[in-house]
Amino acid sequence: MNCVGIDVSKGKSMIAVMRPFGEVVVSPFEVRHTANELSELAGLLKSLDGETRVVMESTGNYHAPVAWLLHDAGLYVSVVNAMLVHDYGNNSLRRAKTDKKDAVKLANYGLDHWLTLPRYIPEEDTRLMLKICYRQYQQYSKVQTMLKNNLISLLDTTFPDANRLFTSPPRADGSEKWVDFAAKFWHRQCVCMSSYKSFAEKYQKWCSKAGYNFSEQNAKAIYDHATAQVSTLPKTEATKSLITHAVNQLNTVAETLSSIQQEMLELASKLPEFPVVMKMFGVGDILGPQLMAEIGDIRRFERKQSLIAFAGVDAPPCQSSTFESKNHHISKRGSPRLRKTLFQVMSTLLQHAPVDDPVFQFLDRKRQEGKHYYVYMTAGANKFLRIYYGTVKAYSEQSATQS
């Protein structure tokens, strides 16, 4: 049997082919990630005598073209978690690290775990696109938070606490009332330099034009607040330019996020588990696609404990001799994005408190027992995943039987 270790990096990979007892079949060599060189590599590996298996680490997007092409060529490809290989075979005091040594290590790891190597199966296009959309959604969310903080910081010098005057939720296109208000009334003097009646008329016209509700009480509160505040920057064109640019950037990102949300919902609706997932309490048009993006095809998990471990909300035992720990910490070795989504689902359940939902009943019972906030939130996420696994897998099997 031949085991091919591939140490993947950006644009190129180091290849080593080993057999049992340290026999080197092919000395380590480098291959660039071009269609021609990868095709030549596939031809070389298929020409070897005996069964051949390829092992590589999961390295974000770098390993994807190599794994996909070799799998498409008919080779047995296994993509393993980097943590499983990190400490393998480090029985030397001299901790040298090169691409060649890493490729040989991967090949030897594959030989030692030959029978348990998981076979790589490329993701469906819909699931892959959904996951990429979610990654982009998270990146733009971070940018949006940064731009919001920047705009609030600028407003603190021209119109302090203007963002706290409005409680309206974001609209479908992502725009928010306080942001659009800052574009029009960017300085406190834009409000209080004239009489209240004049401002109320301007504010009402702006609300009508921008599509927001007008309230006489709210207009009075804004005027009184602007009169009481102190601005540190003067009302000049340069100041207006800074506020306007900050508002435009924030609105652009908000519009992009709204567009990505719609795209994620559309992609998720094409997945077979979409109807059953969306019926689960706490899962809506935003969190539902996020869950499906991070969990992926439920069939890749052999049992519910595998899904819980993938999320990193499992609590491994800690025991030695007569000592046995009673306070178990979760592993946090799974997907941090999935844990964040689960935390948001638990927050939604606590906020709405559906008395008939089994996950909320479990959360509420743990809360009444006096458990710490993070303890019962994590326990609720664990139970939610168990229900998710059983429900979605049963639905998938039923759909496969009917088809």
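**Group meeting: aromatics, a pocket and a few odd corners**

Let's start with Phe199, which is buried, at a relative accessible area of 0%. Before I go on, keep in mind that this is a predicted model.

So who does Phe199 pair with? Its partner is Phe185, and the two rings sit edge-to-face, 5.5 Å from centre to centre with 75° between the planes. Phe185 is in the loop between helix H6 (177-184) and helix H7 (189-192), while Phe199 belongs to helix H8 (residues 196-210), so this pair ties together parts that are 14 residues apart in sequence. Phe185 counts as buried too, at 3% relative accessibility.

Now compare another pair, Tyr373 and Tyr374. These rings are also edge-to-face, at 5.3 Å centre to centre and 70° between the planes. Are they buried or exposed? Tyr373 is partly exposed, with a relative accessible area of 32%, and Tyr374 counts as exposed at 52%. The cut-off for exposed is over 50%, so Tyr374, at 52%, falls on the exposed side of it.

How many aromatic pairs turn up across the whole structure? The search finds 20. There is also an aromatic cluster, and Phe185 and Phe199 are both in it. The other members are Phe159, Phe166, Phe181, Tyr196, Tyr203, Trp206, Tyr212, Phe214 and Tyr223. One of the cluster residues, Tyr196, has a lysine over its face: Lys220, at 5.1 Å from the ring centre. You'll find another lysine over a ring at Phe362, where Lys383 lies over the face at 5.5 Å from the ring centre.

While we're around H6, have a look at Asn163, in the loop between H5 and H6. Asn163 is buried, with a relative accessible area of 17%. Leaving aside residues up to four places away in sequence, Asn163 touches Ile152 and Trp178.

Next up, helix H13, which runs over residues 304-311. Which of its residues are buried? Those are Leu307, Ile308 and Ala311. They cover an arc of only 100° around the axis, and that puts them on the same side of H13. What do they pack against? Three helices: H12 (287-295), H14 (336-352) and H16 (373-402). Right after H13 comes Gly312, with a positive phi near 80°.

H13 comes back when we turn to empty space. Rolling a probe the size of a water molecule over the atoms shows where empty space is left. The largest pocket holds about 2400 Å³ of space. Its lining is made of 46 residues, and the ones nearest the centre are Ser58, Val79, Lys131, Arg300 and Phe310. If you want to find the pocket on the screen, those five are a handy set to click on.

Which elements build that lining? Helix H2 (64-72), strand E5 (76-80), helix H3 (82-86), helix H5 (125-158), H13 and H14 each put in at least two residues. H5 gives the most, with seven.

Then there is the closed space. The structure has one cavity of 30 Å³ or more, and the largest cavity has a volume of about 30 Å³. Its lining is Tyr137, Gln261, Met264, Asp285, Ile286, Pro289 and Gln290. Helix H10 (237-268) and H12 are the elements that give two or more residues to that lining. You've met H12 already, as one of the helices that the buried residues of H13 pack against.

Last stop: backbone oddities. I mentioned a positive phi at Gly312, but where does one turn up in a residue other than glycine? One is Phe21, with phi near 65°. Phe21 lies in the loop between strand E2 (12-19) and strand E3 (23-32), and at 89% relative accessibility Phe21 counts as exposed. Set that beside Phe199, which is buried at 0%.

Another is Ala353, with a positive phi of about 50°. Ala353 sits in the loop between H14 and helix H15 (358-368). At 34% relative accessibility, Ala353 is partly exposed.

To recap: an aromatic cluster that includes Phe185 and Phe199, a pocket of about 2400 Å³ to which H5 gives the most lining residues, and positive phi values at Phe21 and Ala353. That's my tour.

Methods. Residues are numbered from 1 along each chain as its sequence is written. This is a predicted model: local features need pLDDT of at least 70, side-chain atom pairs count only at pLDDT 80 or more; totals for chains, interfaces and linings use all residues. Side-chain values use heavy atoms; hydrogens and water are left out. Buried means under 20% relative accessible area, exposed over 50%, partly exposed in between (1.4 Å probe, protein chains only). Helices (H or I, at least four residues) and strands (E, at least two) are DSSP runs, numbered from the N terminus. The arc is that of the directions from the helix axis to the C-beta atoms. Contact means heavy atoms within 4.5 Å. Rings of Phe, Tyr and Trp (its six-membered ring) pair if their centres lie within 6.5 Å; planes under 30 degrees apart count as stacked, over 60 as edge-to-face and the rest as tilted. A charge sits over a ring if NZ of Lys or CZ of Arg is within 6 Å of the ring centre and within 35 degrees of the ring normal. On a 1 Å grid over the protein atoms alone, a cavity is a set of points where a 1.4 Å probe fits but cannot get out, and a pocket is an open set with protein on both sides within 12 Å along at least five of seven lines; lining residues have an atom within 4 Å of a point. Grid points are joined across faces, edges and corners, and a volume is the space filled by probe spheres set on the points.
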